Amino acid sequence: MIDGCSPDCPSIMFNPARPMKNTFHKRNARRGFTLIELLVVIAIIAALASVAYGPILNQLNKGDQNIAMQNMKQLGLLLTDFSNEYGAYPDDSTAARIQEKSPDTNYGAFTGETSNCYLRQLLTITDSEKNFYCKLNGEMGRTHEVDEKIANGKGLERGECGFAYVMKENKSGLPVPDLRTPVLMTPVLDPGMTGADVQFDYDSFRGSVFVLNLDQSVNTKKIEDNGPVEGGVFPENKRTGNSTGEKFIVLPPDLDGIQ
């Protein structure tokens, strides 16, 4: 008998085999996350993602920039080898010599209004398109990975070259006496009528511009927005102080998505 209970009061027995139910614990276990808690978690994840996005994008773009510079240097070496063999950098006269020497060569047009045409002549001394590639994705269009197919008119097709090509204003090939003169550049936005008017795309390399000079040096320039490089990319005439860019034309690459 339990103290305080009459003999008629039913006894309360403790059965260790049947523990008392913890209804409070089960109620909490079933509760889960509230809507407010979920929104807080989502907000935290979004904040972390926004903080990490910038550095990750910068690292990815840094890799694209390194590829552009390395391929630009390799093209500079190819241009030198080509000049040693044909007497000039690719132009109309060297295109004629290639056809005379190898009339069955069919990589595509060797002359035209884009850098793809004239740089295609370099395929006569290399069987790879990979050095012509750099990742562009701006207002002028985009590049894509090369397919390494050059026969049957498929050499340097649209989107497989990312570099603009510099020629004399009469479309004859370099070199010229001033070794500070550019021969390749990227990412070109609008080549203009002459080298003095060339503009660049900010988005492709987050404001970086790369220029290969005749002395094989690669210069890195910076721009704040789409437009020209401050001070230009062509050297000044030592006597007049004016840019020599007006004596040259800049042929843009043939890109996918040009409007």
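This passage describes the fold, confidence, salt bridges, aromatic pairs and internal spaces of a predicted protein model.

The protein contains four helices and nine strands, and these elements succeed one another along the sequence in the pattern α-α-α-α-β-β-β-β-β-β-β-β-β. Of its 259 residues, 40% count as buried. The mean pLDDT of the protein is 86, with 82% of the residues reaching 70 or more. Among the elements, the lowest mean pLDDT, 53, belongs to helix α1 (residues 23–31), whereas the highest, 98, belongs to helix α4 (residues 115–119). Where pLDDT is low, the predicted coordinates should not be read in detail.

Side chains of opposite charge can pair when their charged atoms come close. Four salt bridges are present in the structure. One of them joins Glu 85 to Lys 101, with the closest N and O atoms 2.6 Å apart; this pair links distant parts of the chain, given that Glu 85 belongs to helix α2 (residues 35–86) and Lys 101 to helix α3 (residues 92–101), 16 residues apart. With a relative accessible area of 41%, Glu 85 is partly exposed, while Lys 101, at 53% relative accessibility, counts as exposed because the cut-off for that class is over 50%.

A further salt bridge brings together the side chains of Arg 158 and Asp 254, at an N to O distance of 2.9 Å. Because Arg 158 lies in the loop between β2 (141–142) and β3 (164–168), and Asp 254 in the segment after β9 (248–251), the pair ties together parts that are 96 residues apart in sequence. Arg 158 is itself partly exposed, with a relative accessible area of 44%.

The salt bridge between Arg 180 and Asp 178 likewise has its closest N and O atoms 2.9 Å apart. Arg 180 counts as partly exposed at 36% relative accessibility, and Asp 178 also counts as partly exposed, at 23%. Both Arg 180 and Asp 178 appear in the lining of the largest pocket, together with Val 176, Pro 177, Thr 181, Pro 235, Glu 236, Asn 237, Lys 238, Thr 244, Lys 247 and Phe 248. This pocket encloses about 190 Å³ of space, and the residues of its lining divide into four nonpolar, three polar and five charged.

Apart from the pocket, the count of cavities of 30 Å³ or more comes to one. The largest cavity has a volume of about 40 Å³ and is lined by Leu 136, Gly 138, Glu 139, Met 140, Gly 141, Pro 187, Val 188, Leu 189, Asp 201, Ser 204 and Leu 255. The lining of this cavity comprises six nonpolar, three polar and two charged residues.

As for the aromatic side chains, the count comes to five aromatic pairs. Among them is the pair of Tyr 107 and Phe 110, whose ring centres lie 6.5 Å apart and whose planes stand at 70° to each other, an edge-to-face arrangement. The pair is assigned to this class because planes over 60 degrees apart count as edge-to-face. Phe 110 has a relative accessible area of 5%, and therefore falls among the buried residues, for which the cut-off is under 20%.

Note on methods
Residues numbered from 1 in each chain as written. Predicted model: local features only at pLDDT ≥ 70, side-chain atom pairs only at ≥ 80, totals over all residues. Heavy atoms only, no water. Phe/Tyr/Trp six-rings, centres within 6.5 Å; stacked < 30°, edge-to-face > 60°. Buried < 20%, exposed > 50% of the residue type's maximum accessible area, 1.4 Å probe, protein only. 1 Å grid on protein atoms, 1.4 Å probe; cavity = no way out; pocket = protein on both sides within 12 Å on 5 of 7 lines; lining within 4 Å. Points joined across faces, edges and corners; volume = space filled by probe spheres on them. Nonpolar A, V, L, I, M, F, W, Y, C, P; charged D, E, K, R; others polar. Helix = DSSP H or I, 4+ residues; strand = E, 2+ residues; numbered from the N terminus. pLDDT = per-residue confidence, 0-100.
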